[in-house]
Amino acid sequence: MQRKDLLLKKIFFAATILFFSLLFASCNYGLPIFLYAETGVEERAAASIPLWGPQIPQVGTSGKYSFIVLTDSHFGSKKGRNEEAFLQTFKALLQSSDESLRPRFIVNLGDTLDGGHSNEADMFSLTAARWIAAGNEALGISDYKVYSILGNHDLYNNGWEIWKTRIFPFTSCYRFTLSAGGNFPFDFFFLDTGNGTLGGPQIEDLERNLQASWRPKIILMHYPVYAGGLFYFAIDDTEERARLISAFAKNKVKYVFEGHMHRQHDFDFGPFKESDVGSYFEEKVFGLVTVDETTGGVSFTRMHY
């Protein structure tokens, strides 16, 4: 009887695998979503990597600068983006009469690739190259930067193997400090929440680095901390969310920018603000962030293209 039960279980398991294989054979996201939870965040992001020198953007010496933040571009999705419209809006900002509003770099908050495929990375790379060329020409430099972090879609179909060799800066958790000559240079922290969690090593590393710095800070991540109270879209673990909110509030974090929801949400925690930017490819929206090193303040404006 036990052998019969075991055989039935094996048959049921095989039939389940076959069912999902057939059901998702043509799906861009692939069967791995159901068989394994992509790669683990603790394998990728035990500690943040500091970027230095030519790896960080040029922000001038006026004490004030801006950058663009966008998210959920989903290259490879059948839903289209209006790349030309964004490029023209971007170029117009680069020609702003107010030099501090000319974006000095772009931050991409994840779900860049719709299904973690190589051809999607090709599409993004070609588009990012056009952004970089426009930035270089307008600012008279040769190393305009586009910084990216992982979203959950980027990990599908073993997408991490593509990401870490194709998408700058070729890692999933990193940080740098920018100074434009003001009294308050800023620390930037780019977090890996591609699995819906930071994982123990990354959050402990983050807490240590936040506490070690007196500078004001900006946090950039894919999964929201609060998501306007829509916790289905937020980081799963309530204890982890509480630790993040506490660490941000105690350590001079000014702003947290996020994606994942595809919708626009904002929340003011008092010591810091949280903004889910909204989807680049669905809502045709991005954000212009302005940092004022003379006051230590950060302002955020959504823009449609």
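This is a chat about a predicted model of one protein, going from its overall make-up to single residues.

Trainee: Hi! Before we start, what should I know about the numbering and the model?

Mentor: Residues are numbered from 1 along each chain as its sequence is written, and side-chain values use heavy atoms, with hydrogens and water left out. The model is predicted: local features need pLDDT of at least 70, side-chain atom pairs count only at pLDDT 80 or more, and totals for chains, interfaces and linings use all residues.

Trainee: Got it. How many helices and strands are there in the protein?

Mentor: There are 8 helices and 12 strands. Both are DSSP runs numbered from the N terminus: helices are H or I with at least four residues, strands are E with at least two.

Trainee: And what percentage of the residues count as buried?

Mentor: Of the 305 residues, 51% do. Buried means under 20% relative accessible area, exposed means over 50%, and partly exposed is in between, using a 1.4 Å probe and protein chains only.

Trainee: What about contacts far apart in sequence?

Mentor: Take the contacts between residues at least 6 apart in sequence: 71% of them join residues at least 24 apart. Contact here means heavy atoms within 4.5 Å.

Trainee: Let's look at sheets. In what order do the 7 strands of the open sheet run?

Mentor: The order is β1-β5-β6-β7-β8-β10-β9, with mixed pairing. Two strands pair if DSSP finds at least two bridges between them. At the edges stand β1 (49-50) and β9 (265-268), each with a single partner strand, so one side of each is left without a neighbour in the sheet.

Trainee: How many bridges join β1 to β5?

Mentor: 2 bridges, and the two strands run parallel. P50 has R175 as its bridge partner in β5.

Trainee: Switching to β2. Which strands does it pair with?

Mentor: Strand β2 (residues 64-70) pairs with β11 (residues 285-292) in the antiparallel sense over 6 bridges, and F67 stands opposite V289 there. With β3 (residues 103-108), strand β2 runs parallel, joined by 4 bridges; L70 has N108 as its bridge partner in β3.

Trainee: How does the chain get from β2 to β3?

Mentor: The chain crosses through helix α4 (residues 83-94), and this β-α-β crossover is right-handed. That label applies if, with the strands pointing away from the viewer, the path from the first strand over the helix to the second runs clockwise.

Trainee: Is β2 mostly covered or exposed?

Mentor: Mostly covered, with 6 of its 7 residues buried.

Trainee: Which residue in α4 is worth a click?

Mentor: Try L93, which lies in that helix. L93 counts as buried because its relative accessible area is 11%. Leaving aside neighbours within four places in sequence, L93 is in contact with I68, L101, R102, P103, F286, L288 and M303. The C-alpha atoms of L93 and I68 are separated by 9.9 Å, and the two residues are 25 apart along the chain.

Trainee: New topic: how many aromatic pairs are there in the whole structure?

Mentor: A search finds 34. Rings of Phe, Tyr and Trp (its six-membered ring) pair if their centres lie within 6.5 Å; planes under 30 degrees apart count as stacked, over 60 as edge-to-face and the rest as tilted. Y147 and Y174 form a tilted pair, 6.4 Å centre to centre with 35 degrees between the planes. Y147 lies in β4 (residues 146-148) and Y174 in β5 (residues 174-178), so the pair ties together parts that are 27 residues apart in sequence.

Trainee: Buried or exposed, those two tyrosines?

Mentor: Buried: Y147 is at 0% relative accessibility, and Y174 is at 0% as well. F176 and F190 also form a tilted pair, at 5.2 Å centre to centre and 50 degrees between the planes. That pair links F176 in β5 with F190 in β6, 14 residues apart.

Trainee: Which residues make up the aromatic cluster?

Mentor: F67, F105, Y147, F168, F170, Y174, F176, F188 and F190 form one cluster.

Trainee: Last one: what does D187 do in β6?

Mentor: D187 lies in strand β6 (residues 186-190), and it counts as buried because its relative accessibility is 4%. Its side chain makes polar contacts with the side chains of T177 (2.6 Å) and R215 (2.7 Å). A polar contact is a pair of N or O atoms within 3.5 Å; within protein, one must be able to donate a hydrogen and the other to accept it, and residues adjacent in sequence count only if both atoms are side-chain atoms.
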